[in-house]
Amino acid sequence: MKTKPFMSSKRSPGAMSIFIAFVLSLQSCTSVAPRNPVPEEKIGQAAIPGGSLARFWGDERPPDVGARIELIRDQLASNEDVEAFTRPHYYLTISGGGANGAFGADLLKGWSQSGSRPEMTIVTGISTGALIAPFAFLGSDFDDELEQLYTTLSTKDLVRERSLIGGLLSDAMADTEPLRDFLQSKVDEQMIEAIAREYEQGRRLLIGTTNLDAKRPVIWNIGAIAAVRTEESAQLIRDVMLASASIPGVFPPVRISVRVGEQEYDELHVGGGVTTAMYSFIPHNLI
């Protein structure tokens, strides 16, 4: 598979860390659009489409993990799959890696062509892995669209670089509006409905971001959000994918609307790779 350099960087990891810290320190002195962040004491109460099952903190065991696993068991039992509790279950964790996501896309397509690629019970994605994860979750029918993302599009097709001064006086050194538009077109109603159906069959798609206000990783249950079946929930899925792929300082943080009671607030989310390179959620007592 011939690839173009998608989300690539020639800087070393150490140089990139220094660069991001420098950019963030300068941007902290600039003005940004007014926002209404969740008060610190209410951060744990923020609600989104999909309810309490739609997300959890990624740095601790979910307090309701037992209920989450029981729901998976109930969904598997209700879909008339008599072998659900005896057949093997497969789990796929997709890490970050920028342009190296092309390797993952190529691997998945080759796996499909080999005829040995199984259906995954749980797929997780972080950073560029968050862009791959929904396609991987839905199986080989989406291989061609995944290939398009990593072979026909390059960084300049998905982000617009800002001038040095423009970047330092704004929220990031690049604008991700083209990537937002791409997600709007590709993560469409048909794809989201397919994710919702698989969720209701007991499968899980999980994507990680970093909540800048709380300074903690967040794991989003994309299927639970998709099952709400509203435009608001559909846009939330796209926003989560964009946020997970957003390198702070380089790409703008993504604002996500939440509610606490009747009050509306917003959260700022950036790349899941800021807090963890990958996320693995394996319910050992599922079967």
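Here is a walk through this structure, from the whole protein down to a few single residues. Keep in mind that you're looking at a predicted model.

Let's start with the big picture. The protein has 287 residues, and 48% of them count as buried. Its secondary structure comes to eleven helices and nine strands. If you take the contacts between residues at least 6 apart in sequence, 74% of them join residues at least 24 apart. As for the outside, the accessible surface comes to about 13,900 Å², and carbon and sulfur atoms account for 53% of that.

Now find strand 3, which covers residues 122–126. Five of its five residues are buried, so strand 3 is largely enclosed by the rest of the structure. In a regular strand, side chains alternate between the two faces of the sheet. Here both faces are covered: Ile-122, Thr-124 and Ile-126 are buried on one side, and Val-123 and Gly-125 are buried on the other.

Who are the partners of strand 3? One is strand 2 (residues 91–94), which runs parallel to strand 3 and is joined to it by four bridges. Within that pairing, Leu-92 has Val-123 as its bridge partner. Another is strand 6 (residues 204–211), also parallel to strand 3, with five bridges joining the two. There, Ile-122 is matched with Arg-204 as its bridge partner.

From strand 6 you can step on to strand 7, residues 216–221. These two pair in the antiparallel sense, over six bridges, and the bridge partner of Ile-207 in strand 7 is Trp-220. Strand 6 and strand 7 form a hairpin with four residues between the strands, and in this hairpin Lys-215 takes a positive phi near 60°. Strand 7 is mostly covered, with five of its six residues buried. Strand 7 also pairs with strand 1 (residues 55–57), in the antiparallel sense and over three bridges. Trp-220 turns up again here, as the bridge partner of Arg-55.

Stay around Arg-55 for a moment and look for Arg-68, which lies in helix 2 (residues 65–78). Is Arg-68 buried or exposed? Its relative accessibility is 8%, and the cut-off for buried is under 20%, so Arg-68 counts as buried. Leaving out residues up to four places away in sequence, Arg-68 touches Ser-52, Leu-53, Arg-55, Phe-56, Pro-62 and Asn-221.

Next, turn to a pair of helices. Helix 4 (residues 128–138) and helix 9 (residues 189–200) pack at an angle of about 65°, and their axes are 10 Å apart. The crossing of helix 4 and helix 9 is left-handed. On the helix 4 side, the contact is made by Pro-134, Phe-135, Phe-137 and Leu-138, while helix 9 brings in Met-191, Ala-194, Ile-195 and Glu-198. Sorted by kind, the residues of this contact are seven nonpolar, no polar and one charged.

One residue of that contact ties several parts of our tour together. Phe-137, in helix 4, is buried, with a relative accessible area of 2%. Apart from its neighbours within four places in sequence, Phe-137 is in contact with Val-123, Ile-195, Glu-198, Arg-203, Arg-204 and Leu-205. You've already met Val-123 on one side of strand 3, and Arg-204 as the bridge partner of Ile-122. Finally, Phe-137 and Thr-121 are 16 residues apart along the chain, and their C-alpha atoms are separated by 8.4 Å.

Methods. Residues numbered from 1 in each chain as written. Predicted model: local features only at pLDDT ≥ 70, side-chain atom pairs only at ≥ 80, totals over all residues. Heavy atoms only, no water. Axes fitted to C-alpha atoms, helices over the stretch in contact; angles between N-to-C directions. Left-handed = near helix turned anticlockwise from the far one by under 90°. Contact = heavy atoms within 4.5 Å. Nonpolar A, V, L, I, M, F, W, Y, C, P; charged D, E, K, R; others polar. Buried < 20%, exposed > 50% of the residue type's maximum accessible area, 1.4 Å probe, protein only. Pairing = 2+ DSSP bridges. Areas by Shrake-Rupley, 256 points an atom, 1.4 Å probe, with all protein chains shown as cover.
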